[in-house]
Amino acid sequence: MSNTIITTIKKITNSTYLDFIGLAIVLAASLTLGYHNTEIDFTFQGTNYVFFLGYVSIVNTGFSMIGNRLVTKKNNFGNLITTCNTFLSGSIDYLLGNAGAILTYPVSFIGNYLVFKAWKKSKILRSIDFIFYRNILLGFFFSILLNYVAFKYIAQTPIDWKLFFAIAIPAGITFGGTFNTARMYPDNWFLWQFYNLTKIIQNILLMNVANVAKYAFYFFNAIIGYITWNDDKKTQL
């Protein structure tokens with residue numbers, strides 16, 4: 001790939017207008033398909049309530065999009081946004097049928113916070129090493145264990161193995177990917193690419209339109225993110 005093309009890609013990666021394009025894609029998809037009107041009726045202590053899931057999910061997706069774009073540009077404020085937004089993401093996933101969310105999202109919260117702390121100390125871009133693979137294995141271990149406990153002992157219905165793996169696999173990838181983000185491996189973007197694909201499948205099953213649009217955009221963002229970080233690693237900008 002020529003230096004001119006790489007320079008152009010890096011300008012796109014670090015641009016502000018791409019942030020707005022990402023938000024526009026999510027909002028357009030959600031509003032056009034009427035996802036903002038999605039509601040969940042529930043009863044608490046004998047009183048009926050309505051939770052405006054569509055609106056809350058769109059807000060959550062917007063914050064997630066901003067956090068992801070800032071991280072791509074190596075702005076640590078993105079990790080702070082992602083950390084704070086974890087609670088909202090977990091609540092939405094739980095309401096959509098992800099029984100494991102009650103156990104897995106606290107791990108995501110801790111992981112994102114540790115990334116935020118790590119970036120405050122160092123932003124050295126690293127090559128793949130043993131820790132990279134160790135983090136991936138740990139991610140899948142925690143995901144499978146926690147999701148099994150949740151689906152087996154917390155969920156009110158028998159284990160739906162299709163849904164279990166559709167949730168456990170992306171969670172394992174995100175755990176490993178989050179752990180590796182702390183060490184800023186450019187090659188970690190390949191892991192996030194696989195994660196984006198599994199999340200697209202998962203959210204199609206959960207019928208979360210806003211997230212399908214979000215992860216489709218993330219798929220593109222991970223490509224340019226890798227190219228940018230990999231080139232920056234050569235010069236350690």
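This is a short talk on how some neighbouring helices pack in a predicted model, and on one buried lysine.

Hi everyone, thanks for coming. Let me start with confidence, since this is a predicted model. The chain has a mean pLDDT of 88, with 98% of its residues at 70 or more. Helix H6, residues 130-154, has the highest confidence, at 94, while strand E1, residues 40-44, has the lowest, with a mean of 71. As a reminder, where pLDDT is low, predicted coordinates should not be read in detail.

Now to the helices. How do H2 and H3 cross? Their axes come within 10 Å, at an angle of roughly 160°. An angle over 145 counts as roughly antiparallel, so that is what H2 is to H3. The crossing is right-handed. On the H2 side, the contact residues include Leu18, Leu23, Val26 and Leu27, and H3 brings, among others, Ile58, Met65 and Ile66. By class, this contact has seven nonpolar, four polar and two charged residues; Asp19 of H2 and Arg69 of H3 are both part of the contact.

Moving along the chain, H3 and H4 have axes that come within 8 Å and cross at roughly 155°, and they are therefore roughly antiparallel too. Here the crossing is left-handed. Among the residues making this contact are Phe63, Leu70 and Val71 of H3, and Phe77, Ile81 and Leu88 of H4. Which classes do they fall into? The contact divides into 10 nonpolar and nine polar residues, with no charged ones. Ile66 of H3 takes part here, and Ile66 is also in the contact with H2.

Next come H4, residues 77-95, and H5, residues 101-121, whose axes come within 8 Å at roughly 175°. That makes H4 roughly antiparallel to H5. Aromatic side chains feature on both sides, including Phe87 and Tyr94 of H4, and Tyr105, Phe109, Tyr113, Phe116 and Trp119 of H5. The count by class is 11 nonpolar, eight polar and one charged.

Finally, a residue I'd like you to look at: lysine 74, in the loop between H3 and H4. Is lysine 74 buried or exposed? Its relative accessibility is 14%, and because anything under 20% counts as buried, lysine 74 is buried. What is around it? Leaving aside neighbours within four places in sequence, lysine 74 contacts Trp119, Lys123, Leu125, Met184, Thr228, Trp229 and Asp232. You have met Trp119 already, on the H5 side of the contact with H4.

That's all from me; I'm happy to take questions.

Conventions:
Residues numbered from 1 in each chain as written. Predicted model: local features only at pLDDT ≥ 70, side-chain atom pairs only at ≥ 80, totals over all residues. Heavy atoms only, no water. pLDDT = per-residue confidence, 0-100. Helix = DSSP H or I, 4+ residues; strand = E, 2+ residues; numbered from the N terminus. Axes fitted to C-alpha atoms, helices over the stretch in contact; angles between N-to-C directions. Parallel < 35°, antiparallel > 145°, perpendicular 65-115°, else oblique. Left-handed = near helix turned anticlockwise from the far one by under 90°. Contact = heavy atoms within 4.5 Å. Nonpolar A, V, L, I, M, F, W, Y, C, P; charged D, E, K, R; others polar. Buried < 20%, exposed > 50% of the residue type's maximum accessible area, 1.4 Å probe, protein only.
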